[in-house]
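Open the model in your viewer and keep the selection panel at hand. The stops below go through pockets, a cavity and helix packing.

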Amino acid sequence: MNRVTLSIDELIYGFYSEGLFEQAIGLRQTFFEELNDDQFELVLQTSCRSLLSKDLLVYDEHDHRFQLTEESSSLIKSLNYSPLSLKFSRFEADGGQDSISIHLPGGKGICHSVIHEGQVHVFDILSQGEILLKLKEYFSLKDSGNDSNKILELKQAEFEEMLTLAEQQPSSLEAYLRTLSNHSEASLFANAVSYNKGKMNSMLVLGFDDKKEPDIEDVLFVICDPVSSWVIKKNEQTYEVLSGGRNVLSDLVESRIVGLNSFSV
């Protein structure tokens, strides 16, 4: 099973089936608020038949109950908890934004995306190599061959000033960054920021604490121009600008996957 698509009502059924009632109720209120309990019960009955037809649900004749298959159960559970998740966000050509998540529950990677205004959820099962390929394709990372180098480090106020100049006075951006760094690639980075008008794609690395509450472990911004890729890593007090963005992100993701000690390709 490499790809599974679930309609929003099938996803709600899945949450109920796995005992994840808070998630199920939240989606019901969002998408089916106008339905009373009897009407919504009909929706769930239809979802049950639909999941059966997809071989994502089975009927246990001994217990006389329906239950998700092991594969579909793992997809639903991954949305609630995974030891590690990666969230990618990017700006689209029409000015909108898109995002996907890759959950790493152990043994596989699950890429979760939403289409048709949230009505359909798509799950792709990925190997380690496929996760790295998805990362490169999603951000259109350029393979410039550059090593990863630290170009400059920005304080919060300097970071905000950089974005303001990129949007309002791009011709002044290079001179401003030159006051902060004498690195030879500072001008190239300034050009990339101006090219994107200060808009930055992003990647979040999400883990969970001892109480299984989500915890943001890394925040990275991704900038690409026609020839290069750059990464800005948010630290506690500063923003670290790194060249060779493709290598930076690939190395980070690969190290995180290996660190789970349970990934199989």
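Strands here are DSSP runs of E with at least two residues, numbered from the N terminus. The model is a predicted one.

**Stop one: the largest pocket.** Select Phe 91, Tyr 195, Asn 196, Asn 201 and Cys 224, which are the closest to the pocket's centre among the 19 residues that line it. The space in this pocket is about 440 Å³. Now add β4 (84-91), α5 (128-139) and β10 (214-224), each of which supplies at least two lining residues. Which element gives the most to this lining? It is β10, with three residues. Coloured by class, the lining shows ten nonpolar, three polar and six charged residues.

**Stop two: the second largest pocket.** This pocket has a volume of about 310 Å³. Select Leu 79, Lys 87, Ser 101, His 103 and Leu 206, the closest to its centre of the 18 residues in its lining. At least two lining residues come from each of α4, β4, β5 (97-104), β6 (109-115) and β9 (201-208). Strand β5 gives the most, four residues. By class, the lining of the second largest pocket divides into eight nonpolar, nine polar and one charged.

**Stop three: the cavity.** One cavity of 30 Å³ or more turns up in a search of the whole structure. About 50 Å³ of space lies in it. To see its lining, select Leu 6, Glu 10, Gly 14, Leu 51, Leu 56, Leu 68, Ser 72, Leu 75 and Ile 76. Helices α1 (8-17) and α4 (70-80) each supply at least two of these residues, and the largest share, three residues, comes from α4. Six of the lining residues are nonpolar, two are polar and one is charged.

**Stop four: α1 against α2.** Show α1 with helix α2 (residues 21-31): their axes come within 7 Å and cross at roughly 155 degrees. Angles over 145 degrees count as roughly antiparallel, so that is how α1 and α2 run relative to each other. Their crossing is left-handed. In the contact, α1 places residues including Ile 8, Leu 11 and Phe 15, and α2 places residues including Phe 21, Ile 25 and Phe 31. The contact has ten nonpolar, one polar and one charged residues.

**Stop five: α1 against α3.** Keep α1 and add helix α3 (residues 37-53). The two pack at an angle of about 90 degrees, with axes 9 Å apart, which makes α1 roughly perpendicular to α3. Among the residues in contact are Asp 9, Ile 12 and Tyr 13 of α1 and Phe 40, Leu 44 and Cys 48 of α3. This contact has eight nonpolar, two polar and two charged residues.

Key
Residues are numbered from 1 along each chain as its sequence is written. This is a predicted model: local features need pLDDT of at least 70, side-chain atom pairs count only at pLDDT 80 or more; totals for chains, interfaces and linings use all residues. Side-chain values use heavy atoms; hydrogens and water are left out. On a 1 Å grid over the protein atoms alone, a cavity is a set of points where a 1.4 Å probe fits but cannot get out, and a pocket is an open set with protein on both sides within 12 Å along at least five of seven lines; lining residues have an atom within 4 Å of a point. Grid points are joined across faces, edges and corners, and a volume is the space filled by probe spheres set on the points. Ala, Val, Leu, Ile, Met, Phe, Trp, Tyr, Cys and Pro count as nonpolar, Asp, Glu, Lys and Arg as charged, and the others, Gly among them, as polar. Axes are lines fitted to C-alpha atoms, for helices over the stretch in contact, and angles run from 0 to 180 degrees between N-to-C directions. Angles under 35 degrees count as roughly parallel, over 145 as roughly antiparallel, 65 to 115 as roughly perpendicular and the rest as oblique. Contact means heavy atoms within 4.5 Å. A crossing is left-handed if the near helix is turned anticlockwise from the far one by less than a right angle, and right-handed if clockwise.
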